Amino acid sequence: MGERDVTGDSLDDAISSAGSVSLEIRDGAAVLRVDGALDLALAPKLRRLAERAARLCPSVLVIDLTDVTFLASAGMAELVRAHRGPTASAPLRVVANGRITLRPLELTRLTDEFAIYPSLSDALAP
């Protein structure tokens, strides 16, 4: 049986009513796929999986926001934490290609800090 957090959610796939976060390893890179609203409800699940991904010592951490339907400040705070927080052990690449995700990152100038890619395949390219 997979590892579970205190709420009983699997740490491999964190799901809430707002959306879900899943972790997979691809060619040494840790990929976190976020689906739904990345807000106060889903942000803690992203944090837990980002911390778990960091423990796996990946060559790069990719957070794929392609299927995000709303990007709140709580979600952006978790992106910053993954990039420069205490568990940040690998370079962060963010996949953001639509107005819903890219515009908030531009408005907060996080596009100046993060490596932004238009697709997952681009983010995984060497």
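Analyst: A helix here is a DSSP run (H or I) of at least four residues and a strand is a DSSP run (E) of at least two, both numbered from the N terminus. This is a predicted model, and its chain contains 4 helices and 6 strands, which follow one another along the sequence in the pattern β-β-β-α-β-α-β-α-β-α.

User: Where does Arg109 lie in that scheme, and why is Arg109 called exposed?

Analyst: Arg109 lies in the loop between helix 3 (99-107) and strand 6 (115-117). A residue counts as exposed when its relative accessible area is over 50%, and because Arg109 has 57%, Arg109 is exposed. Arg109 also has a phi near 65°, a positive value in a residue other than glycine.

User: What makes a positive phi worth pointing out?

Analyst: Most residues other than glycine have a negative phi. Besides Arg109, Asp27 has a positive phi of about 50° although Asp27 is not a glycine, and Cys57, just after helix 1, takes one of about 55°. Asp27 sits in the loop between strand 2 (19-26) and strand 3 (29-38), and because its relative accessibility is 85%, Asp27 counts as exposed.

User: How do you know that Arg109 forms a salt bridge with Asp112?

Analyst: The closest N and O atoms of Arg109 and Asp112 are 2.8 Å apart, and the cut-off for a Lys or Arg side-chain nitrogen and an Asp or Glu carboxyl oxygen is 4 Å, so the pair qualifies as a salt bridge. Both Arg109 and Asp112 are exposed. The whole structure holds 8 salt bridges, and Glu24, Arg26, Arg33 and Asp64 are linked in a network of them.

User: Why is Glu78 called buried, and which salt bridge does Glu78 form with Arg47?

Analyst: Buried means a relative accessible area under 20%, and since Glu78 has 6%, Glu78 is buried. Arg47 forms a salt bridge with Glu78, their closest N and O atoms being 2.8 Å apart, and this pair links distant parts of the chain, with Arg47 in helix 1 and Glu78 in helix 2, 31 residues apart. Glu78 also meets Arg81 in a salt bridge of 3.1 Å, and these two both lie in helix 2, 3 residues apart, about one turn of the helix.

User: What makes Arg47 and Arg81 partly exposed?

Analyst: Partly exposed is the range between the buried limit of 20% and the exposed limit of 50%. Arg47, with 31%, therefore falls in that range, and so does Arg81, with 34%.

User: How do you know that the span of helix 1 agrees with what is expected?

Analyst: The expected span is 1.5 Å times one less than the number of residues, so the 13 residues of helix 1 (residues 43-55) should span 18 Å, and its end C-alpha atoms are 19 Å apart, which agrees. Several residues of helix 1 are buried, including Leu46, Leu49 and Ala50.

User: What makes a set of residues a nonpolar core?

Analyst: Its members are buried residues of certain kinds, such as Val, Leu and Ile, joined through side-chain atoms within 4.5 Å. The largest such core has 26 residues, of which Leu32, Val34, Ile63, Leu65 and Leu105 touch the most other members. Its largest share, 5 residues, comes from strand 4. Apart from this core lies another, of 7 residues, among them Ala29, Val60, Val62 and Ala123. Over the whole chain of 126 residues, 45% are buried.

Definitions and conventions:
Residues numbered from 1 in each chain as written. Predicted model: local features only at pLDDT ≥ 70, side-chain atom pairs only at ≥ 80, totals over all residues. Heavy atoms only, no water. Buried < 20%, exposed > 50% of the residue type's maximum accessible area, 1.4 Å probe, protein only.
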